[in-house]
Amino acid sequence: MKPLAECAPCILEWTFGRTAPSLDENQRIRLMRTLLGVLHDEFTLDQNVALIAKRTLDAVHSRVMIAATVYDEIKKMSNAAARTLLPKARRFVQGGKTERERFERACYLASTANVSPIAAPSGALEFSCVEDLIVGRGSLPRLRGDVYEAARNKRRVLFLFDNAGEIGFDSLLIEQLKVMGASVTLVLKEAPFFEDATFQDAAYFGLEKLSERVLSVKTVFVPDRSGSVLNDAFRESDLVIAKGTFNFECLYEENFGKPTIFLLKSKCGPISKISGVDQSNFFVRLENG
């Protein structure tokens, strides 16, 4: 995804808002100068916006490592909140009458769980929209493309995760992929990384038992920019499933040649404009690469 003008202040706010709270004023000014310098050098219309965000985060990674540990308690509470809903969520998926319906229901749940705000969360993530979906309240996420047909008969699936908590609902989609015969590789964040899911969060829900292998990325996954093992896993995959804003920004309309299923909430104006989905709505979208 190429940036719109308003992506620059969003990257700045996202990074500064998470790394600055524990700093004194001189440190905050130095941090801001560093971030502004990266944006000055990197923010161009022909650049992938997720790569810009990655370079911004990499420039202040030592600050990220310190600040991100503050989110450990939020992640624990988010995981616990998701776990309480999982039995009902699993029954919702299994209530589908066909394999197609069960797969689509799992996609809807994974999308609707993508609730972490762009701004720094003030507390544990809440999954009221998931509860509404399970009991039939509200609207289903907007579905574009035949995601079931795209996933059917795929043997190597790369799953790019987003946040803790919601990763529990992602596990239900992985269960369906396994039933369909897929081998799934998980891509998580290296700890610590704010509210994003790491191996510890995946293990809390037993995801390592559902996967062929588990890989990690330091900040943001960008093909050909994230290490040889990750790049090989991306190239070898038959299908990519991408959760959340960063992964959408990285892969959407970038012509990597991979069928990709995006699962997320439209949290900002640029994604709303580019995807055609009203802001604050959830969607499930297939792109054929």
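# A chat about helices, strands and what covers them

Analyst: Let's start with helix 12, which is mostly covered: 8 of its 8 residues are buried. Keep in mind that this is a predicted model.

User: Hi! Which residues are buried in helix 12?

Analyst: They are Gly244, Thr245, Phe246, Asn247, Phe248, Glu249, Cys250 and Leu251. After helix 12 comes Glu253, with a positive phi near 55°.

User: And helix 11, which of its residues are buried?

Analyst: Helix 11 spans residues 228–236, and Leu230, Asn231, Ala233 and Phe234 are buried there. They cover an arc of only 160° around the axis, so they sit on the same side of helix 11.

User: What covers the buried residues of helix 11?

Analyst: The cover includes helix 12 (244–251), along with strand 2 (156–160), strand 3 (183–189), strand 4 and strand 5.

User: Okay, switching to the sheet. What order do the strands have?

Analyst: The sheet is open, with 7 strands in the order 1-7-6-5-2-3-4, and the pairing is mixed. Strand 1 (142–144) and strand 4 (213–217) are at the edges; each has a single partner strand, so one side of each has no neighbour in the sheet. From one strand to the next, the twist averages 15°.

User: In which sense do strand 1 and strand 7 pair, parallel or antiparallel?

Analyst: Parallel, over 3 bridges, with strand 7 covering residues 282–287. Arg144 stands opposite Arg285 in strand 7.

User: Nice. Which strands does helix 6 lie across?

Analyst: Helix 6 (residues 99–112) lies across strand 1, strand 5 (239–243), strand 6 (260–265) and strand 7. Its direction is at about 120° to strand 7.

User: What about Ser111 in helix 6: is Ser111 buried or exposed?

Analyst: Ser111 is buried, because its relative accessible area is 0%. Leaving aside neighbours within four places in sequence, Ser111 is in contact with Pro141, Leu263, Leu264, Phe282, Phe283 and Val284.

User: Let's zoom out. How many helices and strands are in the protein chain?

Analyst: The protein chain has 13 helices and 7 strands. Its radius of gyration is 18 Å, close to the 19 Å that the globule rule gives for 289 residues, so the chain is as compact as a globular protein of that length. The C-alpha atoms fill a box of roughly 60 × 40 × 35 Å along the principal axes.

User: And how much of the protein chain is buried?

Analyst: Buried residues make up 55% of the 289 residues. The accessible surface is about 12300 Å², and 49% of that belongs to carbon and sulfur atoms.

Notes. Residues are numbered from 1 along each chain as its sequence is written. This is a predicted model: local features need pLDDT of at least 70, side-chain atom pairs count only at pLDDT 80 or more; totals for chains, interfaces and linings use all residues. Side-chain values use heavy atoms; hydrogens and water are left out. Two strands pair if DSSP finds at least two bridges between them. Helices (H or I, at least four residues) and strands (E, at least two) are DSSP runs, numbered from the N terminus. Axes are lines fitted to C-alpha atoms, for helices over the stretch in contact, and angles run from 0 to 180 degrees between N-to-C directions. Contact means heavy atoms within 4.5 Å. Buried means under 20% relative accessible area, exposed over 50%, partly exposed in between (1.4 Å probe, protein chains only). The arc is that of the directions from the helix axis to the C-beta atoms. The radius of gyration is taken over C-alpha atoms; the globule rule is 2.2 Å times the number of residues to the power 0.38. Accessible areas come from the Shrake-Rupley method with a 1.4 Å probe; for residues, only the protein chains shown count as cover.
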